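Subject: Structure handover and notes

Hello,

Please find the structure below, followed by notes on what was found in it.

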Amino acid sequence: MEQRLIYDSVEICYNGRPAVRDISFSLCPGEILGIVGESGSGKSTLIRAALGILGQGGMVTKGDIWFAGQNLPEVPERRMRLIRGAKIGMIFQDAGDSLCPVRTIGDQIYESLAAHEKLNRQKSDRRAGELLASLGFSDSKRILESYPFELSGGMKQRVGAAMAMLPNPSVLLADEPTSALDVTVQKQMVEEMLLFRRRYGTSIILVTHNIGVVSAMADTVLVLREGEAVEYGEAEKVLREPREAYTRELLLAAPRLRRK
């Protein structure tokens, strides 16, 4: 089967110190990969590397990350701007940090979409309003006219998710997308990402502490510990019959969220 995203023996360092070591996996069209592990295990670092947003001192020092025939760490920044958002989208853990505080949500969504496709403001607002409604907003018009400071943390998280999904990227990276949401809205977020996958064949990498979300969504699971892969395989098998003690510990830490 075609592989949409490939990590091949990837090592990532910060200021010369390895944070992620020798990680390999592949992502097929429509596949959802859940990456789990304790805080500091390298989960977010791993997906940020695909977009070249590791921050100061961070770099891929070994291995390759292949997407659409390109090794992403070698792609010039000018071309990466065409990939980010349009081809590979990202839902950040704290979406509020990525929103401009002095521009309305509607303005920011329109600017993001118009950077990659030709559309007018009316079409942008209509598309955004429909997606925001599916994410639990009953007053999407008001949300589009609001500034980020007028929204709660959970509302900004859903807006960030909408902004990442609206360009219909072929790969969606979701970094703790449900962490700021209550249980009801978590369910809506999960259902919308699953619908997005079914509708567009989107491949999703889901980084989360929530084993319940992984159980509900993931086809495959990668377990990280201190920057190294502990276990990788079909979600059903990893969650039902984990081979490694560390994976069993993670599951026991959230006993009510295990697959039945």
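Does Ala68 count as buried or exposed? At 60% relative accessibility, Ala68 counts as exposed (exposed is over 50% relative accessible area, buried under 20%, partly exposed in between, with a 1.4 Å probe and protein chains only). Ala68 sits in the loop between strand 4 and strand 5, and its phi is near 50°, a positive value in a residue other than glycine.

On provenance: this is a predicted model, in which local features need pLDDT of at least 70, side-chain atom pairs count only at pLDDT 80 or more, and totals for chains, interfaces and linings use all residues. Residues are numbered from 1 along each chain as its sequence is written, and side-chain values use heavy atoms, with hydrogens and water left out. Helices (H or I, at least four residues) and strands (E, at least two) are DSSP runs, numbered from the N terminus.

A second positive phi outside glycine belongs to Glu176, at about 50°. Glu176 is in the loop between strand 7 (171–175) and helix 7. Glu176 counts as buried, at 6% relative accessibility.

The sheet and what lies on it

An open sheet of 4 strands has antiparallel pairing and the order 2-1-4-5 (two strands pair if DSSP finds at least two bridges between them). Its edge strands, each pairing on one side only, are strand 2 (17–27) and strand 5 (70–71). Strand 1 (residues 5–14) runs antiparallel to strand 2, and 7 bridges join them. In that pairing, Ile12 has Val20 in strand 2 as its bridge partner.

Helix 1 (residues 43–51) lies across strand 1, strand 2 and strand 4 (58–67), and runs at about 110° to strand 1. Axes here are lines fitted to C-alpha atoms, for helices over the stretch in contact, and angles run from 0 to 180 degrees between N-to-C directions. Thr45 lies in helix 1 and is buried, with a relative accessible area of 13%. Leaving aside neighbours within four places in sequence, Thr45 is in contact with Ile12, Tyr14, Val20 and Leu54 (contact means heavy atoms within 4.5 Å). Ile12 and Val20, the bridge partners mentioned above, are thus both on the contact list of Thr45.

Leu27 is found in strand 2 and is buried, with a relative accessible area of 0%. Its contacts, neighbours within four places in sequence left aside, are Gln3, Arg4, Leu5, Leu33, Val171, Ser203, Ile204 and Ile205. The C-alpha atoms of Leu27 and Glu2 are separated by 8.8 Å, and the two residues are 25 residues apart along the chain.

Helix pairs

Two packed helices are described by the angle between their axes and the distance between the axes.

Helix 3 (residues 105–114) and helix 4 (residues 121–134) pack at about 110°, with axes 10 Å apart. That makes helix 3 roughly perpendicular to helix 4 (65 to 115 degrees counts as roughly perpendicular, under 35 as roughly parallel, over 145 as roughly antiparallel and the rest as oblique). Gly106, Asp107, Ile109, Tyr110 and Leu113 of helix 3 make the contact with Arg121, Ser124, Arg127 and Ala128 of helix 4. These residues divide into 4 nonpolar, 2 polar and 3 charged (Ala, Val, Leu, Ile, Met, Phe, Trp, Tyr, Cys and Pro count as nonpolar, Asp, Glu, Lys and Arg as charged, and the others, Gly among them, as polar).

The axes of helix 6 (residues 153–165) and helix 7 (residues 183–200) cross at roughly 0° and come within 12 Å. Helix 6 is therefore roughly parallel to helix 7. On the helix 6 side the residues are Gln157, Arg158, Ala161 and Met165; they meet Val185, Met189, Glu192, Met193 and Phe196 in helix 7. This contact has 6 nonpolar, 1 polar and 2 charged residues.

Helix 10 and the hairpin

In helix 10 (residues 245–252), the buried residues are Tyr246, Thr247, Leu250 and Leu251. Seen down the helix axis, they fall within an arc of 140°, so they line one face of helix 10 (the arc is that of the directions from the helix axis to the C-beta atoms). Their cover includes strand 3 (32–36), helix 8 (211–217), strand 9 (220–225), strand 10 (228–234) and helix 9 (235–240).

Strand 9 and strand 10 run antiparallel, joined by 6 bridges, and form a hairpin with 2 residues between them. Thr220 stands opposite Glu234 in strand 10. In the turn, Glu226 has a positive phi of about 50°.

Regards
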